[in-house]
Amino acid sequence: FPVAVVLPAGGSGERTGLTTPKQFVTVLNRPLISYTIQAFERVSWIKAIVVVVAKETQDLMQSIVHKFHHVKVKVVQGGSTRHRSIYNGLQALSEQTDGSAFTKPKVVIIHDAVRPFVEEDLLLKVTMAAKDQGASGVIRPLVSTVIATTTEGYLDHSLERAKYRASEMPQGFLYDVICQAYQRCSEFDFEFGTECLHLALHYCNTNAKLIEGLPTQFKVTYKRDLAAVESIFKETLS
Ligand code: CTP
Ligand code: MG
């Protein structure tokens with residue numbers, strides 16, 4: 001069955017403190033996002049990737065995409081929030097009906113462009129679970145206890161750590177389910193939070209199967225994460 005990937009890459013990476021968005025930062029002579037695309041290119045059953053970027057980085061992204069020959073990559077314009085960028089990416093898969101790689105897939109995988117260490121084994125688990133259950137995601141145990149704070153900066157209450165998990169990527173969805181969820185959600189939800197699984201659960205009442213991921217498949221959030229990515233690639237390439 002056809003599987004497509006949406007890679008949101010339309011953020012500005014504020015938390016890195018760098019002027020270049022983290023997905024375009026050079027890691028061992030190549031932009032970070034090219035490693036993520038390469039990880040998908042290596043998976044034979046993935047035929048189409050939609051990369052969603054900010055308007056001002058579309059030309060740069062096109063020049064990166066030209067270097068990939070074994071998977072079809074389409075570049076589309078993102079939005080002001082992650083949800084909007086993902087929505088635009090999903091739309092790009094509904095426009096074509098000509099049987100090309102970008103024709104409406106059965107399952108869509110959503111994965112952050114700034115998570116270059118994604119592996120085929122996890123992609124397969126997420127994809128199969130999404131096909132059977134409607135939606136699927138990756139989780140990790142929490143390192144810290146999560147507490148809720150008051151707006152004045154006092155402790156409100158704390159959550160029982162064992163009951164909660166960190167939500168990671170990739171996530172998989174039946175394409176029709178996630179599209180319907182985005183169509184049904186209100187403008188408020190659209191801006192609220194960044195969790196696609198929540199939308200699918202809330203608006204389509206689907207199951208969301210959770211799969212435990214590996215700590216090595218982390219997201220680049222801070223500058224130090226870029227340094228970690230570089231040293232990992234240095235090790236694996238030497
Ligand atoms: N993203 C996007 N469109 C947005 C915001 C985020 O496509 N309007 C993407 C980012 O490019 C990234 C992924 O969503 O690949 C995960 O988001 P995050 O790690 O928060 O990235 P940024 O929003 O760029 O970083 P920050 O929150 O530090 O500004
Ligand atoms: Mg962000």
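What covers the buried residues of H4? The cover includes strand S1 (3–9), strand S6 (107–110), S7, S10 and S11. The notes below start from that helix. Please keep in mind that this is a predicted model.

1. **Helix H4, length.** H4 runs over residues 120–133. Its 14 residues should span 20 Å at 1.5 Å a residue, and the end C-alpha atoms are 20 Å apart, so expectation and model agree.

2. **Helix H4, faces.** Leu123, Val126, Thr127, Ala129 and Ala130 are the buried residues here. They lie on the same side of H4, because they cover an arc of only 170° around the axis. An α-helix has 3.6 residues a turn, so residues three or four places apart point the same way. Asp121 and Asp132 are on the other side of H4, and both are exposed.

3. **Leaving H4.** Glycine 134 comes just after the helix and takes a positive phi of about 105°. Strand S7 covers residues 134–141.

4. **Strand S7 and its partners.** S7 pairs with strand S11 (residues 207–212) in the parallel sense, over 6 bridges. In that pairing, glycine 137 stands opposite leucine 210. S7 also pairs with strand S10 (residues 165–174), here in the antiparallel sense and over 6 bridges. Isoleucine 139 stands opposite serine 167 of S10. S7, S10 and S11 are among the elements that cover the buried residues of H4.

5. **Serine 167.** This residue sits in S10. It counts as partly exposed, because it has 17 C-beta neighbours inside 10 Å, and a buried residue would need 20 or more. Its C-alpha atom is separated by 6.1 Å from that of valine 138, although the two are 29 residues apart along the chain. Leaving aside neighbours within four places in sequence, serine 167 is in contact with Gly137, Ile139, Glu195 and Leu197.

6. **Helix H7.** Leu197, one of the contacts of serine 167, is buried in H7 (residues 196–204), as are Cys196, Leu199 and Ala200. These four cover an arc of only 160° around the axis, which puts them on the same side of H7. Asparagine 205 follows the helix, and its phi is positive, near 55°.

7. **A cis peptide bond in S10.** Most residues other than glycine have a negative phi, and most peptide bonds are trans. The bond from methionine 169 to proline 170 is cis, with omega near 5°. Proline 170 is found in S10.

8. **The loop between S2 and S3.** Which residues of this loop have a positive phi without being glycine? Leucine 28 is one of them, with a phi of about 45°, and it is placed between strand S2 (26–27) and strand S3 (30–31). Asparagine 29, in that loop, has a phi near 75°. Leucine 28 is exposed, because 12 other C-beta atoms lie within 10 Å and the cut-off for exposed is 12 or fewer. Asparagine 29 is exposed too, with 6 other C-beta atoms within 10 Å.

9. **Ligand 1.** There are 22 residues around ligand 1. Pro8, Gly10, Gly11, Arg15 and Ser85 come nearest. S1 and helix H3 (82–91) each supply at least two residues of the shell. By type, the shell divides into 6 nonpolar, 11 polar and 5 charged residues. S1 is also among the elements that cover the buried residues of H4.

Definitions and conventions
Residues are numbered from 1 along each chain as its sequence is written. Chains are lettered from A and ligands numbered from 1 in the order in which they are written. This is a predicted model: local features need pLDDT of at least 70, side-chain atom pairs count only at pLDDT 80 or more; totals for chains, interfaces and linings use all residues. Two strands pair if DSSP finds at least two bridges between them. The expected span of a helix is 1.5 Å times one less than its number of residues. The arc is that of the directions from the helix axis to the C-beta atoms. Two residues are in contact if their C-beta atoms, placed from the backbone, lie within 7 Å. A residue is near a molecule or strand if its C-beta atom, placed from the backbone, lies within 6 Å of it. Ala, Val, Leu, Ile, Met, Phe, Trp, Tyr, Cys and Pro count as nonpolar, Asp, Glu, Lys and Arg as charged, and the others, Gly among them, as polar.
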